[in-house]
Amino acid sequence: MDMKLFVSLAIVTAVVLMLHQPSVVTAATIPHHTTMPAANASLSGFSLQLVDGADHDHEGLDHAAAVRRVGDGFLHLQSQSLRATNSSAASPEMTTTYTPLRLPSAVVVGVGTGRGHQDYLFQVVNTPSTLIWMQCHGCNPHSPQRHPLFDSSASPTYHLVRGTDPFCQPPYWSEFNGGACAFRVNGPRGMFVEGYFGADTLTYDGKVHQHVPFGCAHQASHFQNDGMYAGVIEATVLGHGLTTFSYCLFHGGGGGETSRRRGFLRFGTDVPRNPRYRTTRILPALEGHEPSGHYVSLVGVSLGARRLDAIRPEMFARREDGGGGCVVDLGTPVTVMAEEAYEVVEEAVWSELRRHGAERVERPGLGYSVCVRASEAVMGRLRSLSLSLHFEEEEAVLVVAPEQLFLMVDDEEQGRRVACLAVKPGRRTVVGALQQVDTRFVFDLKESKLSFAPESCIQDTVEVV
């Protein structure tokens, strides 16, 4: 039998069996919310610990030691030489791999009850959507993850959300004559996820939240989960209906004190006040397009004190097809810049480093275009290079310090160090997690405002016991 047909039949069979379970909740009995029951609407503020996965249990210790922050203030990635067998070659060849950059941007959520209960790591993203989704038992293909795939049949409180339920509104849709509510997610680097909604008990922030709808994926292609995350959860979902949330990322790499600390995702009245906040507006979603991030109006870039005049505001404009624009995202490791603007930044950075005798090197396994040998002279220049992102409001300027602009790669095999510009070209601009380190971000969704201010984010952490 054709494999695709076999998988399709298996999915249909599973959905039909779930529809005929006597415990299935009808549309009238599933609470029509995606965050919290109405009884908690009076909650004014709370905080959740953010983890990077490496400190969640002992399995991450080797990884923690491979990404570290040392005395120079920069984040260091460790390279590792591996011998790979090439079937067309007479002998194995050496390849170099790098530990992926990971900053604390995940939460631990318990899913299900009874035998089906399991704590999972969910990657937090800050988009306007209220979608939670995870890889579920039978998901094919799926990305390997730390814990077994969630088995809905083992959780007595799991219920399928029917397509006739008022929750099942666009962009979701009904299938099997109203018997199931389907979802689909398209993401970066070819990610494609689809499945059906269920409702079950979720446990986080020390509380039990019943009947929470979430997407149970039966297909998850190119889900970049670092072999750990079970799925994705939106910050707004965790907020119990509160419209203001904040985070302050710190270098969470291993090898020192920071590996034993956790920061927070704060909501409502738990968000700290700061007279130094700079504010830009969050742009409304384009009509006819599902929002894929909180868009802001980026209009220019400076390298050090020099405004890069070749970069124009239209390079960051949103297009009618939904592309382009600029978002600030917790789940993207490093900044991605619209290709036209990136080429200007790359040339400006390389020109500065070349003047100080920098030697350019290739590091294809990392995916960064500008990498140079980190000589003493080059390091001296690096420490004076900052990147400023200018938003529409004149006072709203996000300054990216050198320690967030460059990554150090320690090549233990050859005993040398390489510095790479931690920015990549792309179809739209995304201010990534590394460039958000030591800056507090506050999203006020009710007022459509994004505020930010420099902060020593290690001060807003707790030690992991």
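A residue counts as partly exposed when its relative accessible area falls between the buried limit, under 20%, and the exposed limit, over 50%. Glutamate 392 has 44% relative accessibility, so it is partly exposed. The model is predicted.

**Salt bridges**

The whole structure holds 13 salt bridges. Glutamate 392 takes part in one of them, with arginine 281. This pair links distant parts of the chain, 111 residues apart. Arginine 281 sits in strand S16 (residues 278-281). Glutamate 392 sits in the loop between strand S23 (387-391) and strand S24 (397-400). Arginine 281 is partly exposed, at 39% relative accessible area.

| Pair | Closest N to O distance |
|---|---|
| Arginine 281 and glutamate 392 | 3.2 Å |
| Glutamate 340 and arginine 312 | 3.9 Å |
| Glutamate 352 and arginine 381 | 2.6 Å |

Glutamate 340 lies in helix H4 (residues 339-354), and arginine 312 in the loop between strand S19 (306-307) and strand S20 (326-328), so their salt bridge ties together parts 28 residues apart in sequence. Glutamate 340 is partly exposed at 48%. Arginine 312 is partly exposed at 35%.

Helix H4 also carries glutamate 352, while arginine 381 lies in helix H5 (residues 376-382). Their salt bridge therefore ties together parts 29 residues apart in sequence. Both glutamate 352 and arginine 381 are buried.

A network of salt bridges links Arg266, Arg440, Glu455 and Asp460.

**Serine 129**

Serine 129 lies in the loop between strand S6 (118-125) and strand S7 (132-135). Its relative accessible area is 11%, so serine 129 is buried. Serine 292 is 163 residues away in sequence, but the two C-alpha atoms are 7.5 Å apart in space.

How values were computed
Residues numbered from 1 in each chain as written. Predicted model: local features only at pLDDT ≥ 70, side-chain atom pairs only at ≥ 80, totals over all residues. Heavy atoms only, no water. Helix = DSSP H or I, 4+ residues; strand = E, 2+ residues; numbered from the N terminus. Buried < 20%, exposed > 50% of the residue type's maximum accessible area, 1.4 Å probe, protein only. Salt bridge = Lys/Arg side-chain N within 4 Å of Asp/Glu carboxyl O.
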